[in-house]
Amino acid sequence: MKLRERMKCAIFDMDGTLLDSMPMWSELGKNLIREHGKVPAEDVWNDLKVLNSVETARYLIERYDFPGTVEEVIQEIDDAAYRRYNSDLPLKKGSFELLVCLSELHIPAILASATDKRLVRACLKRLGIERYFFALNSCEDFHTSKSKPLIFQKSAEMAGVPVENAFVFEDALYAIRTAHAAGFPIVAVYDRASEEISEEPVSDWRRILPLADITCANPGQIIPLLD
């Protein structure tokens, strides 16, 4: 069966998949820790990248003695990130073209992001792509993280599409593992952050490859497969 016939909806991660933002995120936590007079661990990003906003705030409070409540630390992180989302973070090559293509084929695109919704909306509005999404979902909407499949399941339900026809576009190993285990077909989008080695001895990308139904260097490479 052709991809165009199999794909009844596309569930997109944002950071590292549609948006070239992972370098910013990998440094943001370290910079905030330094601003609080602490020295970040070299591997702190490996800890932070699998956490949602509440978990991140708790981690920073407990490990790096950030002052304030969980809500206040979340606000501090969001304010620092918002400045970048609202100003200069770019789309990855082919992201815009793929969203237009899906729209023309009447395949609903749903955003499923671990990023705070205020940041998501500011970024999508600035880039002029919010109108291409059937729905915008964040982990906070469902009080979950991508270590659990709930956000992917809810996104497919919104589109009225069974799991086997709801393609998940992701770059992060942990999220791909979650969606794959839940039965979703995976489009793995390469990101430079995927060259990190979260688990010895091979890179995250090497671990992603056997889990993916399709791999691409950028989202635009999917367009010819939809002909």
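Here a biologist and a modeller talk through a predicted model.

Biologist: Why is Asp-191 called buried?

Modeller: Buried means under 20% relative accessible area. Asp-191 has 2% relative accessibility, so Asp-191 counts as buried.

Biologist: Where does Asp-191 lie, and which residues does Asp-191 touch, not counting residues up to four places away in sequence?

Modeller: Look in the loop between strand E5 (186–189) and helix H10 (204–208). With those sequence neighbours left out, Asp-191 touches Gly-16, Asp-20, Met-22, Lys-92 and Asp-171.

Biologist: Now the helices. Why are H2 and H5 called oblique to each other?

Modeller: Helix H2 (residues 22–35) and H5 pack at an angle of about 140°. Angles over 145 count as roughly antiparallel, and 65 to 115 as roughly perpendicular. The angle of about 140° fits neither range, and H2 and H5 are therefore oblique. Their axes are 11 Å apart, and the crossing is right-handed.

Biologist: Which residues make the contact?

Modeller: H2 brings Met-24, Trp-25, Leu-28 and Leu-32, while H5 brings Glu-76, Ile-77, Ala-80, Ala-81, Arg-84 and Tyr-85. By class, that gives eight nonpolar, no polar and two charged residues.

Biologist: Which residues have the most contacts inside the largest nonpolar core?

Modeller: They are Phe-12, Tyr-85, Phe-133 and Phe-169, in a core of 55 residues. Helix H5 (residues 70–85) gives the largest share of this core, seven residues. A second, separate core has 24 residues, including Ala-172 and Phe-184.

Biologist: Why might such cores form?

Modeller: In soluble globular proteins, nonpolar side chains tend to be buried together.

Conventions. Residues are numbered from 1 along each chain as its sequence is written. This is a predicted model: local features need pLDDT of at least 70, side-chain atom pairs count only at pLDDT 80 or more; totals for chains, interfaces and linings use all residues. Side-chain values use heavy atoms; hydrogens and water are left out. A nonpolar core is a set of buried Ala, Val, Leu, Ile, Met, Phe, Trp, Tyr and Cys residues joined through side-chain atoms within 4.5 Å. Buried means under 20% relative accessible area, exposed over 50%, partly exposed in between (1.4 Å probe, protein chains only). Helices (H or I, at least four residues) and strands (E, at least two) are DSSP runs, numbered from the N terminus. Contact means heavy atoms within 4.5 Å. Axes are lines fitted to C-alpha atoms, for helices over the stretch in contact, and angles run from 0 to 180 degrees between N-to-C directions. Angles under 35 degrees count as roughly parallel, over 145 as roughly antiparallel, 65 to 115 as roughly perpendicular and the rest as oblique. A crossing is left-handed if the near helix is turned anticlockwise from the far one by less than a right angle, and right-handed if clockwise. Ala, Val, Leu, Ile, Met, Phe, Trp, Tyr, Cys and Pro count as nonpolar, Asp, Glu, Lys and Arg as charged, and the others, Gly among them, as polar.
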